[in-house]
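User: I am new to this structure and would be grateful for a close look at a single part of it, the nonpolar core, set in the context of the whole chain.

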Amino acid sequence: MARPVSEPVEDPTADQYGLAGHPVDHSWSPFIHGMFAKATGQNLAYRLFDIEPGAFRREALRLFTSGLKGLNVTLPHKQAAAELVNELTPRAARAQAVNTIAFYEDTTLLGDNTDGLGLLVDLETNLGLDLANKRVLVLGAGGAVRGILAPLLERPLRALVIANRTSARAKALATEFGDLGSVEGCGFEQVEGPPYDLIINGTSASLSGEMPQMPAGLVGEDTVCYDLAYGRGETPFTRWARSLHAARVDKGWGMLVEQAAASFALWRGVRPDTRPVLEALARFR
Ligand code: ATR
């Protein structure tokens, strides 16, 4: 059964939305969507649904049949969500991974992927990074990474390398996205310096408290390290980056807020201002 891990909002007229994942109890999405709803005067409730791997299709359909209007999707269900919907936006089709589903009155389920846009807005607008001519290393080759590759490759990068524990998955992704720009895939042990300008961690290794063993020489004094995961305190990746004196170390809080704003805009037709939410979260992170 899908387990709502936050209390349903009492207002029975509120439109229902939520996040499906496993685990989800750490999520800040109800707080973020709550702030967006208040600021834009939208009457909606946002709940968390803990859905076991393998049960996504059945449980998501049950939720939509019972009146849910939209669903965010996180680990490990993003690829299952792409298979469930009957229409994909071009960016979700490219990623073959979905983090946002909208359920329309004609019973269409539309799948979108706002992760890449969220990351790029955070890197470029919030953090002020210029990606032109930069060498970028992405760690991981799962659903989280699928969503960010196309927007990264739209930028005039000097190089993009995907490194993964299972090198075959990184190589397959590099082939799949190779028409968009120069991209290479390899195992962790094959990554070589000189130091990268930007290293993005898209593995779920942090969840188990691990940082994969990486070769030396990848982080220099100008390297920005960004963990797609968010949470309080350090992750194994941010600890690794700091120990190597990276120029800047960030986690995915800004990406979380920006992808949520894009989901909210798809569902409600109103684009919320992210600044007050980013400021509110800065007090907790
Ligand atoms: P997500 O949707 O978060 O990307 P996923 O599709 O299950 O979830 O992908 C998880 C990613 O984290 C994969 O790249 C996985 O590596 P493998 O392809 O080799 O499985 C990576 N990952 C998970 N645990 C890891 C660990 N302990 N060390 C290194 N990489 C890990």
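User: To begin, how many helices and strands does the chain have? After that, please examine the largest nonpolar core, and then describe what lies outside this core.

Analyst: The model under discussion is predicted. Its chain has 10 helices and 13 strands. The radius of gyration is 19 Å, close to the 19 Å that the globule rule gives for 285 residues, so the chain is as compact as a globular protein of that length. Taken along the principal axes, the box filled by the C-alpha atoms is roughly 55 × 40 × 35 Å. Of the 285 residues, 53% count as buried. Among contacts between residues at least 6 apart in sequence, 68% join residues at least 24 apart.

The part requested is the largest nonpolar core, which has 28 residues. Within this core, the residues that touch the most other members are Leu119, Leu152, Leu160 and Ile200. Several helices and strands each supply at least two residues of the core: the helices are α5 (115-126), α6 (143-153) and α7 (167-177), and the strands are β8 (135-139), β9 (159-164), β11 (198-201) and β12 (224-227). Helix α6 gives the largest share, 6 residues.

Two of the residues named above show how the core is joined. Leu152 is found in helix α6, and it counts as buried because its relative accessibility is 0%. Leaving aside neighbours within four places in sequence, Leu152 is in contact with Leu120, Leu131, Val138, Leu157, Leu160 and Ile200. Ile200, for its part, touches Leu119, Val136, Leu137, Val138, Leu139, Ile148, Leu152, Tyr226 and Leu228, again not counting residues up to four places away in sequence. Val138 therefore appears among the contacts of Leu152 and among those of Ile200, while Leu152 and Ile200 also touch each other. As for a position apart from Leu152, the C-alpha atom of Ser206, 54 residues away along the chain, is separated from that of Leu152 by 22 Å.

A second core of 22 residues is separate from the one just described, and Leu19, Leu44, Val257 and Leu281 are among its members. Two of these residues also take part in a contact between helices: Val257 in α9 and Leu281 in α10. Two packed helices are described by the angle between their axes and the distance between the axes. For helix α9 (residues 253-268) and helix α10 (residues 275-282), the axes come within 10 Å and cross at roughly 145°. This crossing of α9 and α10 is right-handed. On the side of α9, the residues that meet α10 are Trp253, Gly254, Val257 and Glu258, and their partners in α10 are Val277, Leu278 and Leu281. By type, the residues of this contact comprise 5 nonpolar, 1 polar and 1 charged.

Outside the cores, some details of the backbone deserve attention. Most residues other than glycine have a negative phi, and most peptide bonds are trans. Against that background, Leu75 and Pro76 are joined by a cis peptide bond with omega of about 5°; Pro76 is found in the loop between β4 (70-73) and α3 (78-84). Another cis peptide bond runs from Gly193 to Pro194, with omega near 5°, and Pro194 is placed in the loop between β10 (183-187) and β11.

Positive phi values are found at Asn133 and His245. Asn133, although not a glycine, has a phi of about 65°; it is found in the loop between α5 and β8, and at 47% relative accessibility it counts as partly exposed. His245, also a residue other than glycine, has a phi near 60°. The loop between α8 (236-243) and β13 (248-251) holds His245, which counts as exposed because its relative accessibility is 61%.

Two further residues complete the account. Ser204 lies in the loop between β11 and β12 and counts as partly exposed, at 41% relative accessibility. The C-alpha atoms of Ser204 and Ala141, 63 residues apart along the chain, are separated by 10.0 Å. Arg57 is found in helix α2 (residues 56-65) and, at 49% relative accessibility, counts as partly exposed. Not counting residues up to four places away in sequence, Arg57 touches Glu83 and Leu84.

Terms used. Residues are numbered from 1 along each chain as its sequence is written. This is a predicted model: local features need pLDDT of at least 70, side-chain atom pairs count only at pLDDT 80 or more; totals for chains, interfaces and linings use all residues. Side-chain values use heavy atoms; hydrogens and water are left out. A nonpolar core is a set of buried Ala, Val, Leu, Ile, Met, Phe, Trp, Tyr and Cys residues joined through side-chain atoms within 4.5 Å. Buried means under 20% relative accessible area, exposed over 50%, partly exposed in between (1.4 Å probe, protein chains only). Helices (H or I, at least four residues) and strands (E, at least two) are DSSP runs, numbered from the N terminus. Contact means heavy atoms within 4.5 Å. Axes are lines fitted to C-alpha atoms, for helices over the stretch in contact, and angles run from 0 to 180 degrees between N-to-C directions. A crossing is left-handed if the near helix is turned anticlockwise from the far one by less than a right angle, and right-handed if clockwise. Ala, Val, Leu, Ile, Met, Phe, Trp, Tyr, Cys and Pro count as nonpolar, Asp, Glu, Lys and Arg as charged, and the others, Gly among them, as polar. The radius of gyration is taken over C-alpha atoms; the globule rule is 2.2 Å times the number of residues to the power 0.38.
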